Amino acid sequence: MVMLFINFTAEGAGFFKSRYREAAEQYRQQGLRFLVGDAKSTKGSFQYFGVKEGQVPLIIVQRNDGKKFLKPNLEPDHISTWLKACKEENIAPYFKSEPISEDNNEPVKVVVGDSIQDIVFNSGKNVISWLQYWRKLSYQSDADVIIAKLDGIANYIPRETFEFISYPTVYFTSASGKISQYDGNRTKEDIIEFIEKNRDKPAQQEQGKNEL
């Protein structure tokens with residue numbers, strides 16, 4: 001699906017729509033659906049995709065596998081060339097993300113779409129991730145364990161890794177990369193017990209490095 005967001009009352013909107021229709025005729029036979037929306041009346045879509053009105057004119061491609069591609073501040077004559085590059089996957093996918101926190105020194109780390117790889121998968125530590133709306137998990141972790149919270153509405157979550165249908169959902173990623181979903185009681189004691197059972201101890205982490 002291809003979605004173009006422009007200001008319908010802005011100067012040049014008609015020309016923009018014309019160029020978009022030309023691109024739609026070119027690519028529609030490849031199974032793509034083309035939609036156009038007025039930036040002034042699509043606030044819900046902006047929130048869903050994590051984009052801002054200041055990025056208009058913008059175009060978004062959402063594939064069947066869930067990957068999204070975005071081009072903000074688009075020029076009308078660049079629509080076809082950008083779609084071609086997107087189709088050939090010469091453009092990096094777009095991941096919805098809140099800004100990375102500059103001050104992230106609290107016991108519960110804030111993870112966003114742009115930092116999930118660094119904190120959850122590549123930190124070399126045991127990470128328990130709390131996918132949530134608002135609820136907080138208060139637990140003072142040790143140096144080898146990261147307690148993380150991630151707003152699953154405002155940020156991209158790799159669903160091929162973390163399956164969830166409701167919030168809050170809790171996942172644990174060991175330092176060696178093993179992922180487990182936590183479905184126990186949401187008490188501090190039960191969560192600590194789960195962490196201790198599934199975490200990699202420092203000796204195990206060092207062994208994993210040596211094996212690499």
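1. By residue class, the lining of the largest pocket in this predicted model is made up of 10 nonpolar, 3 polar and 6 charged residues. The space in this pocket comes to about 550 Å³, and 19 residues line it, with Gly-66, Lys-68, Tyr-156, Ile-157 and Arg-159 lying nearest its centre.

2. Where along the chain does the lining of the largest pocket come from? Domain 1 (2–88) and domain 2 (108–198) each contribute at least three residues to that lining, a point to keep in mind when the pocket is viewed in the structure above.

3. The second largest pocket holds about 350 Å³ of space and has a lining of 14 residues, among which Met-1, Leu-32, Val-61, Gln-62 and Arg-63 are those nearest its centre. Sorted by class, this lining consists of 7 nonpolar, 4 polar and 3 charged residues.

4. As for the elements around the second largest pocket, at least two lining residues are supplied by β3 (58–62) and at least two by α3 (79–87). Helix α3 provides the largest share of the lining, namely 3 residues.

5. A separate remark concerns Asn-198, which belongs to helix α5 (residues 188–198). The side chain of Asn-198 comes to 2.8 Å from the backbone oxygen of Phe-194. When residues up to four places away in sequence are set aside, Asn-198 is in contact with Phe-172, Ser-174 and Ser-180.

Key
Residues numbered from 1 in each chain as written. Predicted model: local features only at pLDDT ≥ 70, side-chain atom pairs only at ≥ 80, totals over all residues. Heavy atoms only, no water. Helix = DSSP H or I, 4+ residues; strand = E, 2+ residues; numbered from the N terminus. Polar contact = N/O pair within 3.5 Å; in protein donor to acceptor, adjacent residues only side chain to side chain. Contact = heavy atoms within 4.5 Å. 1 Å grid on protein atoms, 1.4 Å probe; cavity = no way out; pocket = protein on both sides within 12 Å on 5 of 7 lines; lining within 4 Å. Points joined across faces, edges and corners; volume = space filled by probe spheres on them. Nonpolar A, V, L, I, M, F, W, Y, C, P; charged D, E, K, R; others polar. Domains from an automatic or database assignment.
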